[in-house]
Amino acid sequence: MGSAAVSGQAVVVYGAYGHTGRFVVAELLEQGFTPVLSGRDPERLRELASSSRPGLEVRPASVDDPGALDRALTGASAVINAAGPFAATAAPVIEAALRAGIPYVDVAAEIEANLDTFTHFGERARAANTLVVPAMAFFGGLSDLLVTAAMGDWTSADEAHIAYGLSSWHPTAGTRVAGAVSRERRDGRRVRYSGGALEYHDDALPTLKWPFPEPMGTREVIGEFSMADVVTVPSHLDVPEVRTYMAAEAARDLAAPDTPAPVAVDEDGRSAQTFVVDAVVRSGGVERRAVASGRDIYAVSAPLAVEAVRRVLTGRTQAVGVASAGAAFDAGDFLGALSGAGHISVEWFR
């Protein structure tokens with residue numbers, strides 16, 4: 001479906017002036033949608049509107065004001081929530097989307113917030129015959145698409161491994177706040193998905209070597225560096241072990257309190273950060289693999305979220321209720337669309 005199928009349709013971006021939100025607004029404009037800018041700070045919304053495209057509508061709303069959220073979503077075809085911490089914003093914006101009868105997509109990387117969305121809104125979203133897609137972003141969404149596509153015709157697998165080869169990680173202020181909220185919610189413990197369930201633990205994380213495809217090659221990674229994949233993948237795939245790994249240098253960047261925020265190096269606002277996401281599924285000694293590479297984990301979340309909205313609004317979905325990327329969409333086709341548009345490169349190894 002081209003942009004004609006969605007031309008002019010209004011999509012509310014909640015948290016539009018945030019780092020990822022700005023990328024989402026730009027991508028919506030690029031794809032022929034009409035973004036409606038929302039969030040709690042009227043001044044920052046107006047500043048963004050004046051710098052984006054003349055005439056963009058601004059609808060301020062706080063998540064503790066249901067009436068304002070309802071007004072923000074009036075007449076919209078969908079809403080993309082880009083405002084963290086999602087522990088505070090996801091539920092109120094989903095509630096408003098359900099009242100409005102429109103699909104909801106967010107870019108949450110917070111494990112607990114995504115769990116809450118599946119737990120609290122699954123039945124209600126199904127009853128409303130609408131779609132709620134959490135973690136439709138670099139963490140959670142992209143890896144879920146890769147694992148789902150790598151599975152192919154398998155109905156189950158013994159284990160899934162997802163390794164993140166980030167050249168660096170300059171976290172946004174939002175990432176730092178979301179991380180702090182997550183740590184607080186699990187009392188500082190770590191989390192992993194093993195034996196078909198989430199486990200909270202205090203074990204030290206192992207340091208391992210991961211054989212990324214060339215040109216990155218073998219790198220040191222931190223094992224059990226759990227991200228939203230431990231929620232999205234098991235939500236719809238029969239895989240009892242989901243293990244994630246983070247490039248050691250990126251993990252050190254994230255952990256250091258003085259690592260600066262991302263710095264734009266091109267006219268699109270992207271940073272110089274590059275990434276490789278290596279997804280491996282194993283079943284009975286057979287291995288399948290899908291790899292995505294690209295630039296700027298925050299910037300690439302925008303085409304992921306916007307492509308999700310496009311597919312929902314053009315009827316190219318395969319689920320209702322709360323569904324992760326791989327459950328909601330044809331994973332291989334979705335990845336192919338992102339690759340064809342130049343957002344990522346994808347390779348298959350079978």
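How many nonpolar, polar and charged residues does the lining of the second largest pocket have, counted by class? In this predicted model, that lining has 7 nonpolar, 3 polar and 6 charged residues. Helices H1 and H10 each supply at least two residues of the lining, and the briefing therefore begins with the pocket and these two helices before it turns to other helix contacts, to a residue in helix H5 and to some details of the loops.

**The second largest pocket**

- The volume of the second largest pocket is about 390 Å³, and 16 residues line the pocket.
- Among these lining residues, the ones that lie nearest the centre of the pocket are Glu 27, Asp 268, Arg 270, Ala 299 and His 343.
- Two of these names return in the contact between the helices described next, where Glu 27 is listed in H1 and Ala 299 is listed in H10.

**Helix H1 and its two partners**

- Two packed helices are described by the angle between their axes and by the distance between those axes.
- Helix H1 covers residues 19–30 and helix H10 covers residues 297–313, and the axes of the two come within 8 Å of each other while crossing at roughly 45°.
- Because of this angle, H1 and H10 are oblique to each other, and the crossing in which H1 passes H10 is right-handed.
- On the side of H1, the contact involves His 19, Thr 20, Phe 23, Val 24, Glu 27 and Leu 28, and these meet Tyr 298, Ala 299, Ser 301, Ala 302, Pro 303 and Val 306 in H10.
- Sorted by class, the residues in this contact of H1 with H10 are 8 nonpolar, 3 polar and 1 charged.
- H1 also packs with helix H2, which covers residues 42–52, at an angle of about 35° and with the two axes 12 Å apart; this crossing, too, is right-handed.
- Here Arg 22, Val 25 and Leu 29 of H1 meet Leu 48, Ser 51 and Ser 52 of H2, and by class the contact has 3 nonpolar, 2 polar and 1 charged residues.

**Helices H4 and H5**

- H4 and H5 pack with their axes 10 Å apart and at an angle of about 15°, which means that H4 is roughly parallel to H5.
- The crossing of H4 and H5 is right-handed, and the contact is made on the H4 side by Phe 86, Ala 87, Ala 90, Ala 91, Ile 94, Glu 95 and Leu 98, and on the H5 side by Ala 113, Thr 117, Phe 121, Arg 124 and Ala 125.
- The residues of this contact divide into 9 nonpolar, 1 polar and 2 charged.

**Phe 118 in helix H5**

- Phe 118 lies in helix H5, which runs over residues 111–127.
- Although Phe 118 and Val 322 are 204 residues apart along the chain, their C-alpha atoms are separated by 5.9 Å.
- When its neighbours within four places in sequence are left aside, Phe 118 is in contact with Pro 134, Val 231, Ser 235, Val 322, Ala 323 and Ser 324.

**Details of the backbone in loops**

- Gly 84 and Pro 85 are joined by a cis peptide bond with an omega of about -5°, and Pro 85 has its place in the loop between strand S4 (78–81) and helix H4 (86–100).
- Another cis peptide bond joins Glu 214 and Pro 215, with an omega of about 10°, and Pro 215 sits in the loop between strand S10 (207–211) and strand S11 (218–223).
- Asp 187 is a residue other than glycine with a positive phi, near 55°, and Asp 187 is found in the loop between helix H7 (173–185) and strand S8 (190–194).

Methods:
Residues are numbered from 1 along each chain as its sequence is written. This is a predicted model: local features need pLDDT of at least 70, side-chain atom pairs count only at pLDDT 80 or more; totals for chains, interfaces and linings use all residues. Side-chain values use heavy atoms; hydrogens and water are left out. Axes are lines fitted to C-alpha atoms, for helices over the stretch in contact, and angles run from 0 to 180 degrees between N-to-C directions. Helices (H or I, at least four residues) and strands (E, at least two) are DSSP runs, numbered from the N terminus. Angles under 35 degrees count as roughly parallel, over 145 as roughly antiparallel, 65 to 115 as roughly perpendicular and the rest as oblique. A crossing is left-handed if the near helix is turned anticlockwise from the far one by less than a right angle, and right-handed if clockwise. Contact means heavy atoms within 4.5 Å. Ala, Val, Leu, Ile, Met, Phe, Trp, Tyr, Cys and Pro count as nonpolar, Asp, Glu, Lys and Arg as charged, and the others, Gly among them, as polar. On a 1 Å grid over the protein atoms alone, a cavity is a set of points where a 1.4 Å probe fits but cannot get out, and a pocket is an open set with protein on both sides within 12 Å along at least five of seven lines; lining residues have an atom within 4 Å of a point. Grid points are joined across faces, edges and corners, and a volume is the space filled by probe spheres set on the points.
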